[in-house]
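User: Please take a close look at the interior of this chain. I would like to know what is buried there and how the parts around it pack.

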Amino acid sequence: MRPGRSVRVASALLAAAGLTAVGGCSTLHGVTSLRHARKAATRLDGQTASSAGASDQIDCNTAKCVALTFDGGPSEPTARLLDILQEKHVHATFFVQGKGHTDTYPKTLARMAREDHEIGNHTWSHKILTKLSDRQIHAELDPVQNDVRRVTGHTPVLMRPPQGRTDDRVSTILRKMGLAQVLWSVTAKDYATTDTALITKRVLEQTHRDGIILLHDRYRGTVPAVPGIIDRLRDRGYTIVTVSKLLAPAKPKPGTVYRP
């Protein structure tokens, strides 16, 4: 099958995020940037954080925002990460994994919700969704949806596909499940190093306005890097927000693939 424009777009997006491109016969439509979706929603309803009168809201149309996200937890180091985020008055988005995580650290999961962090789905066992049958995709996503709902009382509306690999078939299933997909623009590759200084350097070098930072709270070098990352981003004028705050006043649209 000769790749069409949608394949080339998908490949470019994934390459920009440091990912392997979607397979040659795959397609990926419904891709949009959070910035574009936010601005479109603002034009439609004229709503901004300031005009809404919500003092705890940030208007990322005017503020220099960046989203901080963590994949693959909760794990043993997550409690310390939550302490740091609380000390720094930062809310993050956690794309949680199931096996060995949501089923093992329910108290940490509950704390994430209690402290107003955003919780998304990162599958049960990190299998590549484009390689699975429809039934297998549900088997990867449904248990995490159920765990989060049971522990927090809320069902995720965001998910992150493992390795960022997705296509139109996956998107169709996720649309029916009420899930939007979220990619990223900043990766420290913290799964491959315990060097906290290197993790910090990589994040700072790649971060731009309206970006999405991907880190993993489960790896040893990551959590110690977070205080410095937060402080130095703030020194550069960034406001650190969740994915949904970066998108607001737009709401996550199921089946859509959001990228920076």
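Analyst: A residue is called buried here when its relative accessible area is under 20%, and exposed when that value is over 50%, with partly exposed in between. The model is a predicted one.

T123 gives a clear case for the cut-off. T123 has a relative accessible area of 0%, so T123 is buried. T123 sits in the loop that runs between β4 (118-121) and α7. The backbone at T123 is also worth a look, since phi there is positive, about 80 degrees, although T123 is not a glycine. A second non-glycine residue with positive phi is Q163, at about 60 degrees. Q163 belongs to the loop between β5 (158-159) and α8. With a relative accessibility of 41%, Q163 counts as partly exposed, whereas T123 is buried.

For the chain as a whole, 51% of the 260 residues are buried. The chain has eleven helices and ten strands. Of the contacts between residues at least 6 apart in sequence, 73% join residues at least 24 apart.

Next, the nonpolar part of the interior. In soluble globular proteins, nonpolar side chains tend to be buried together. In this model the largest nonpolar core contains 31 residues, and L68, L85, F94 and L215 have the most contacts inside it. Two or more residues of this core come from each of these elements: the strands β2 (65-71), β3 (93-96) and β8 (211-215), and the helices α4 (78-88), α6 (106-114), α7 (134-152), α9 (196-206) and α10 (226-235). A second core, separate from this one, has 23 residues, among them A63, L158, I212 and L214.

L85 shows what surrounds one of the residues with the most contacts in the largest core. When neighbours within four places in sequence are left aside, L85 touches L68, V90, A92, F94, H117, V226 and I230. Two of these partners, L68 and F94, are themselves listed with L85 among the residues with the most contacts in the core.

Helix α6 offers a second view of the interior. L109 is a residue of α6. The relative accessible area of L109 is 0%, which means that L109 is buried. Beyond neighbours within four places in sequence, L109 is in contact with P74, V96, T102, I119, D147, V148, V151 and T152. For one of these partners, V96, the separation from L109 is 13 residues in sequence and 8.6 Å in space, C-alpha to C-alpha.

T108 is also in α6. T108 has a relative accessible area of 13%, so T108 counts as buried too. Its contacts, again without neighbours within four places in sequence, are P74, T78 and L82. P74 therefore appears in the contact list of T108 as well as in that of L109.

P74 has its place in the loop between β2 and α4. The peptide bond joining G73 and P74 is cis, with omega about -5 degrees. Another cis peptide bond joins A248 and P249, with omega about 15 degrees. P249 is in the loop between α11 (243-247) and β10 (257-259).

That leaves the packing of the helices. Two packed helices are described by the angle between their axes and the distance between the axes. For α9 and α10, the angle is about 30 degrees and the axes are 10 Å apart. Angles under 35 degrees count as roughly parallel, so α9 is roughly parallel to α10. The crossing of these two helices is right-handed. On the α9 side the contact is made by T200, V203 and L204, and on the α10 side by I229, R232 and L233. By class, these residues are four nonpolar, one polar and one charged.

The other pair is α7 with α8 (residues 168-177), which pack at about 40 degrees with axes 11 Å apart. That angle makes α7 oblique to α8. The crossing of α7 and α8 is right-handed. Here D134, I137, H138, L141, D142 and Q145 of α7 meet R169, V170, I173, L174 and M177 of α8. The contact of α7 with α8 is made up of six nonpolar, two polar and three charged residues.

Technical notes. Residues are numbered from 1 along each chain as its sequence is written. This is a predicted model: local features need pLDDT of at least 70, side-chain atom pairs count only at pLDDT 80 or more; totals for chains, interfaces and linings use all residues. Side-chain values use heavy atoms; hydrogens and water are left out. A nonpolar core is a set of buried Ala, Val, Leu, Ile, Met, Phe, Trp, Tyr and Cys residues joined through side-chain atoms within 4.5 Å. Buried means under 20% relative accessible area, exposed over 50%, partly exposed in between (1.4 Å probe, protein chains only). Helices (H or I, at least four residues) and strands (E, at least two) are DSSP runs, numbered from the N terminus. Contact means heavy atoms within 4.5 Å. Axes are lines fitted to C-alpha atoms, for helices over the stretch in contact, and angles run from 0 to 180 degrees between N-to-C directions. Angles under 35 degrees count as roughly parallel, over 145 as roughly antiparallel, 65 to 115 as roughly perpendicular and the rest as oblique. A crossing is left-handed if the near helix is turned anticlockwise from the far one by less than a right angle, and right-handed if clockwise. Ala, Val, Leu, Ile, Met, Phe, Trp, Tyr, Cys and Pro count as nonpolar, Asp, Glu, Lys and Arg as charged, and the others, Gly among them, as polar.
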